[in-house]
Amino acid sequence: MRVPEVTSPDCECSEGVMTVEHVLMKYLKWSAEREELITPLRMTSIKKVLTSKEGGRAAIKMIQRTKILDQFKALVEQKEGRTAESRKEENEKSEEEIE
Ligand SMILES: [Zn+2]
């Protein structure tokens, strides 16, 4: 699974930048989802979570529930002033580049 490396300075719990790791492991707003999906795995690092089958599944569920990807997309668009149309073109291009 590929982890988006998009960051934003806007995280509400003022621990610095908002990364996927921060959101999955620490973000206060989603602690309920984390306790249900991530905490039972007893994994302390994001790498362990994302490289294990159960962890990967839990991370995907959490991402789907919290709509984190939509939020990251929106943040990038806001920052770079992109339109939905230019994003679509770029997504088509970048899919070819994914290893
Ligand atoms: Zn935070």
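A residue counts as buried if 20 or more other C-beta atoms lie within 10 Å of its own, as exposed if there are 12 or fewer, and as partly exposed in between. With that yardstick in hand, Trp 30 is a handy place to start in this predicted model. Trp 30 has 17 C-beta neighbours inside 10 Å, so it lands in the partly exposed group. It sits in the loop between α1 and α2, the latter spanning residues 31-37. Setting aside residues up to four places away in sequence, Trp 30 touches Val 23 and Thr 66. The second of these partners is 36 residues away along the chain, yet the C-alpha atoms of Trp 30 and Thr 66 are just 7.6 Å apart.

Now for the overall layout. The protein is built with six helices and zero strands, so reading from the N terminus gives α-α-α-α-α-α. Of its 99 residues, 15% count as buried. As for how the chain meets itself, take the contacts between residues at least 6 apart in sequence: 37% of them join residues at least 24 apart.

Much of the remaining story runs through α4, which covers residues 53-66. This helix has 14 residues and reaches 20 Å from its first C-alpha to its last, close to the 20 Å expected at 1.5 Å a residue. Four residues of α4 are buried, namely Gly 55, Ala 58, Ala 59 and Ile 63. These residues cover an arc of only 135° around the axis, and therefore lie on the same side of the helix. Lys 53 and Gln 64, on the other side of α4, are exposed. Right after the helix comes Lys 67, which takes a positive phi of about 55°.

Some of those buried α4 residues turn up again in the largest nonpolar core, which has twelve residues, Ala 58, Ala 59 and Ile 63 among them. The other members are Met 18, Val 20, Val 23, Leu 24, Tyr 27, Leu 37, Ile 38, Ile 46 and Val 49. At least two core residues come from each of α1 (20-25), α3 (46-51) and α4. In soluble globular proteins, nonpolar side chains tend to be buried together. Within this core, Ile 46 is one residue worth following. Leaving aside neighbours within four places in sequence, Ile 46 is in contact with Glu 21, Leu 24 and Met 25. Leu 24 is itself a member of the core. Val 23 belongs to the core too, and this brings the account back to Trp 30, which touches Val 23.

Methods: Residues are numbered from 1 along each chain as its sequence is written. This is a predicted model: local features need pLDDT of at least 70, side-chain atom pairs count only at pLDDT 80 or more; totals for chains, interfaces and linings use all residues. Two residues are in contact if their C-beta atoms, placed from the backbone, lie within 7 Å. The expected span of a helix is 1.5 Å times one less than its number of residues. The arc is that of the directions from the helix axis to the C-beta atoms. A nonpolar core is a set of buried Ala, Val, Leu, Ile, Met, Phe, Trp, Tyr and Cys residues joined through C-beta atoms within 7 Å.
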